[in-house]
Amino acid sequence: MYKIYVTRKIPEAGILMLKEKGYEVNVSTKGAPLTKGELVTALKEKPYDAVLSLLTDSIDKDAFDAASSAKIFANLAVGVNNVDLKEAKARGVIVSSTPGVLTNTVAEHTFALLISLACRIVEGDRFLRAGKYIGWDPLLFLGTDLQGKTLGILGAGRIGESVASKAAFGFGMKIIYYDVRQNETMEKKLGATFKATAEEVLKDADFISIHVPLLPSTHHLMNADRLRMMKKTAYLINTSRGPVIDEAALVDALKNNVIAGAAIDVFENEPNLAPGLAELENVIITPHIASATVKTRDKMAELAAANIIEVLEGRKAPNAVKEN
Ligand code: GLV
């Protein structure tokens, strides 16, 4: 009987698929991310054939050593920056992710953040709850319209394209973008304009939304210099990975009104926030929940389970990560 280790409680839908195959499924009962030491200890407990891991797990040489019989690490995320892909490849271990099923959900959350910034929803909510509202005021919380404004997309993959489509069709925004690859569909369908550098997007956009994977080349893509290239009136939204922004530099930029505001769902050192970030009025922060709808998390769990089943039954993992 195949043995599977799941590093944290996930939606039951995925667990059921594995159990229906007759596999022994062991789920961590900690109720929090495992430390590296705890992960290694847990993986050594049984000769696991597959591991269902999370983006909070550090899947490195030690984890592969500890689960030396595992054929696949199925990561419950579209991002795989927590996995040492080189090491996996060298060992012939398959790594899979959960692309596609979360595209629209993440794009909707991104848009929720964008609209909340433009309409000053969170500031207004805080103000009212603090008992500061003394009546209608023609100058209270003046926001900014979206129609006719320019949305700059950094990273025009599935999620970036979905955000751009909502912006163009739903809100009449103009789309400019930068990616290492040109996205012709986005250009044809949405009239999006490709810019040859990220800097060109930064200087022209009223809203910037980041959708790049975390790679050495995208680490601190938004640093102090690039934040200064944005318009003073522009907003930054990040639902990709925290380290893509130099968070200390973002705090400085927000404090000194280098940009108008930011909304971020991901942080450089999760679960910790950069000092000063949570005290700022011109930032909206959500706890890495962009893909967190009931339906999408079920689908992610099912997709991770499906990848494990395919591999253990001798077929190809449908969502094996390319570098493998
Ligand atoms: C979430 O952040 C994911 O990568 O799926």
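Two strands are said to pair if DSSP finds at least two bridges between them. By that criterion, strand β6 (residues 150-154) and strand β7 (residues 174-178) of this predicted model pair in the parallel sense, with 5 bridges. The points below cover the strands around β7, an open sheet of 5 strands, the packing of helix α5 against helix α7, and the surroundings of A278.

**Strands β6, β7 and β8**

- Within the pairing of β6 and β7, I153 is placed opposite Y177 of β7.
- The connection from β6 to β7 passes through α7, and this β-α-β crossover is right-handed.
- β7 is also joined to strand β8 (residues 193-194) by 2 bridges, and these two strands run parallel.
- In this second pairing, I176 stands opposite T193 of β8.
- A right-handed β-α-β unit is formed by β7, helix α8 (residues 184-190) and β8.

**The open sheet of 5 strands**

- The strand order of this open sheet is β2-β1-β3-β4-β5, and the pairing is parallel.
- The edge positions belong to β2 and β5 (94-96); each has a single partner strand, so one side of each has no neighbour in the sheet.
- From one strand to the next, the twist averages 15°.
- Helix α1 packs on the sheet and touches β1 and β2, its direction making about 150° with that of β2.
- Helix α12 (residues 294-312) lies across β1, β3, β4 (72-75) and β5, and runs at about 165° to β3.

**Pairings of β1**

- Strand β1 (residues 3-6) and strand β2 (residues 24-27) are paired in the parallel sense over 4 bridges.
- Y5 has N26 of β2 as its bridge partner.
- Between β1 and β2 the chain passes through helix α1 (residues 12-20), in a β-α-β crossover that is right-handed.
- With strand β3 (residues 50-53), β1 pairs in the parallel sense over 3 bridges.
- The bridge partner of V6 in β3 is L52.

**Packing of α5 against α7**

- The axes of helix α5 (residues 103-118) and helix α7 (residues 158-171) come within 8 Å of each other and cross at roughly 55°.
- Angles of 65 to 115 degrees count as roughly perpendicular and those under 35 degrees as roughly parallel; α5 and α7 are therefore oblique to each other.
- The crossing of these two helices, α5 and α7, is right-handed.
- On the α5 side, the contact is made by T103, N104, V106, A107, E108, T110, F111 and I115.
- On the α7 side, R158, I159, S162, V163, K166, A167 and F171 take part.
- Sorted by class, the contact of α5 with α7 comprises 8 nonpolar, 4 polar and 3 charged residues.

**Surroundings of A278**

- A278 is located in the loop between β11 (261-264) and β12 (283-285).
- Apart from neighbours within four places in sequence, A278 is in contact with L273 and I285.
- V251 is 27 residues from A278 in sequence, and the C-alpha to C-alpha separation of the two is 9.3 Å.

How values were computed
Residues numbered from 1 in each chain as written. Predicted model: local features only at pLDDT ≥ 70, side-chain atom pairs only at ≥ 80, totals over all residues. Heavy atoms only, no water. Axes fitted to C-alpha atoms, helices over the stretch in contact; angles between N-to-C directions. Parallel < 35°, antiparallel > 145°, perpendicular 65-115°, else oblique. Left-handed = near helix turned anticlockwise from the far one by under 90°. Contact = heavy atoms within 4.5 Å. Nonpolar A, V, L, I, M, F, W, Y, C, P; charged D, E, K, R; others polar. Right-handed = clockwise from strand over helix to strand, strands pointing away.
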